[in-house]
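Hello,

I am handing over the structure we talked about, and you will find it just below. My notes on what turned up in it follow.

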Amino acid sequence: TWEATTAKPGATGQQVDITQVCDKLLRGHPRRDVYENLLLQMFETFTAKKMCGGFSGSLVIRVQPFEPGGKPGDPCIVKLDQGE
């Protein structure tokens, strides 16, 4: 299983606390566990900001990934949905 932990420094040299990022982003969402696991499989270290949510329960977020040395990667838009 994947586990959210404090990761390597981000662009500002500060630690990126993945647990806090996921909690702020997904707090109260009915599919939190599934979405958190997907994000942790896609990105090792990242920050994220919720852009919008859909009527179906989908979630659109802007993700700022960081490379192992702390350098920011290319930001991307991720849409998470139930997939039915």
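Cys-52 is a good place to begin: at 39% relative accessibility, Cys-52 is partly exposed. Cys-22, by contrast, is buried, with a relative accessible area of 0%. The structure has zero disulfides.

Before you go further, please keep in mind that this is a predicted model. The average pLDDT of the protein chain is 82, and 82% of the residues reach at least 70. Residues 1–6 are another matter, as their pLDDT is below 50. In the model this stretch makes 15 contacts beyond near neighbours in sequence. Where pLDDT is low, the predicted coordinates should not be read in detail.

Now to helix 1, which covers residues 18–26. Asp-17 sits at its start, and a side-chain oxygen of Asp-17 comes within 3.1 Å of the backbone nitrogen of Thr-19. Which residues of helix 1 are buried? They are Ile-18, Val-21, Cys-22, Leu-25 and Leu-26. These residues span an arc of only 95° around the axis, so they lie on the same side of helix 1. Exposed Gln-20 and Lys-24 are on the face turned away from that buried side. After helix 1 comes Gly-28, which has a positive phi, near 80°.

Helix 2, residues 32–42, can be read in a similar way. Its buried residues are Tyr-35, Glu-36, Leu-39 and Leu-40. Viewed down the axis of helix 2, they fall within an arc of 130° and therefore line one face of the helix. And what covers them? The cover includes helix 1, strand 3 (45–53), strand 4 (59–66) and strand 5 (76–80).

That leads to the largest nonpolar core, which has 17 residues. Which of them touch the most other members? The answer is Leu-39, Phe-46, Ile-61 and Val-63. Helix 1, helix 2, strand 4 and strand 5 each contribute at least two residues to this core, and helix 1 gives the most, with five.

Val-63 is worth a look on your screen. Setting aside neighbours within four places in sequence, Val-63 is in contact with Leu-39, Phe-43, Phe-46, Thr-47, Ala-48, Pro-75, Cys-76 and Val-78. Two of the names in that list, Leu-39 and Phe-46, also appear with Val-63 among the core residues that touch the most other members.

Happy exploring, and best wishes!

Terms used
Residues numbered from 1 in each chain as written. Heavy atoms only, no water. Buried < 20%, exposed > 50% of the residue type's maximum accessible area, 1.4 Å probe, protein only. Helix = DSSP H or I, 4+ residues; strand = E, 2+ residues; numbered from the N terminus. Arc of directions from axis to C-beta. Contact = heavy atoms within 4.5 Å. Disulfide = S-S within 2.5 Å. pLDDT = per-residue confidence, 0-100. Polar contact = N/O pair within 3.5 Å; in protein donor to acceptor, adjacent residues only side chain to side chain. Core = buried A, V, L, I, M, F, W, Y, C linked by side-chain atoms within 4.5 Å.
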